[in-house]
Amino acid sequence: MTIVAIVCAVLLTGALAGAVFRAERGPSTLDRTIALDVVTTTLVALVGLEAAFNRRTDTVPVLVVLSLVGFVGSVTIARFAAREPEGEG
């Protein structure tokens, strides 16, 4: 179990580093939005991995809050990034 957790943590850390790199270098706002959504998802996965490895259930509220923050942030940015056609609104 320890080897599996270490491999998963290394892979998730690599994904997190790649997403942070894309968020910093992304040419558009939507690229950065997707990268930050990947960062949030990776953080949820890392917290879930830690909870599973240590057999803790008290981190479930943290997982729920991180998921909600990621969802609300993505929806908010998508709402402001969408352009309404001229004459509407």
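The following legends describe an overall view and several close-up views of a predicted protein model.

**Figure 1. Overall fold of the predicted model, a protein of three helices and zero strands.** Along the sequence, the elements follow the pattern α-α-α. The radius of gyration of the protein is 16 Å, whereas a compact globule of 89 residues would have a value near 12 Å. Along the principal axes, the C-alpha atoms fill a box of roughly 60 × 30 × 15 Å. Buried residues make up 17% of the 89 residues. Of the contacts between residues at least 6 apart in sequence, 47% join residues at least 24 apart.

**Figure 2. Surface and charged side chains of the protein.** The protein exposes about 6,600 Å², and 69% of this area is supplied by carbon and sulfur atoms. The charged side chains comprise 7 positive and 8 negative ones. The centres of these two sets are separated by 7 Å.

**Figure 3. Helix α1, residues 2-25, and its buried residues.** The end C-alpha atoms of α1 are 34 Å apart, and this agrees with the expected span because 24 residues at 1.5 Å a residue should also cover 34 Å. The buried residues of this helix are A5, L16, A19 and A23. Their cover includes helix α2, which comprises residues 29-54. An α-helix has 3.6 residues a turn, so residues three or four places apart point the same way. In α1, L16 and A19, together with A23, belong to the buried set.

**Figure 4. Surroundings of L12 in helix α1.** Beyond its neighbours within four places in sequence, L12 is in contact with T42, A45, L46 and L49. L12 and L43 are 31 residues apart in sequence, yet their C-alpha atoms lie 8.4 Å from each other in space. The contact partners T42, A45, L46 and L49 fall within the range 29-54 of α2.

**Figure 5. Position of G14 in helix α1.** G14 counts as partly exposed because its relative accessibility is 44%. Its C-alpha atom is separated by 9.8 Å from that of T42, a residue 28 places away along the chain. T42 is one of the buried residues of α2, and T42 is also in contact with L12.

**Figure 6. Helix α2 and its packing against α1 and α3.** Helix α2 has 26 residues and reaches 37 Å from its first C-alpha to its last, close to the 38 Å expected at 1.5 Å a residue. Its buried residues are T33, A35, V39, T40, T42, V44 and A51. These residues pack against both α1 and α3, the latter comprising residues 60-81. The cover of the buried residues of α1, in turn, includes α2.

**Figure 7. R55 in the loop between α2 and α3.** R55 comes just after α2 and takes a positive phi of about 55°. This positive value occurs in a residue other than glycine. R55 counts as exposed because its relative accessibility is 78%, above the 50% cut-off.

Notes
Residues are numbered from 1 along each chain as its sequence is written. This is a predicted model: local features need pLDDT of at least 70, side-chain atom pairs count only at pLDDT 80 or more; totals for chains, interfaces and linings use all residues. Side-chain values use heavy atoms; hydrogens and water are left out. Helices (H or I, at least four residues) and strands (E, at least two) are DSSP runs, numbered from the N terminus. The radius of gyration is taken over C-alpha atoms; the globule rule is 2.2 Å times the number of residues to the power 0.38. Buried means under 20% relative accessible area, exposed over 50%, partly exposed in between (1.4 Å probe, protein chains only). Contact means heavy atoms within 4.5 Å. Accessible areas come from the Shrake-Rupley method with a 1.4 Å probe; for residues, only the protein chains shown count as cover. Lys and Arg count as positive and Asp and Glu as negative; His and the chain ends are not counted. The place of a charge is taken as NZ of Lys, CZ of Arg, CG of Asp or CD of Glu. The expected span of a helix is 1.5 Å times one less than its number of residues.
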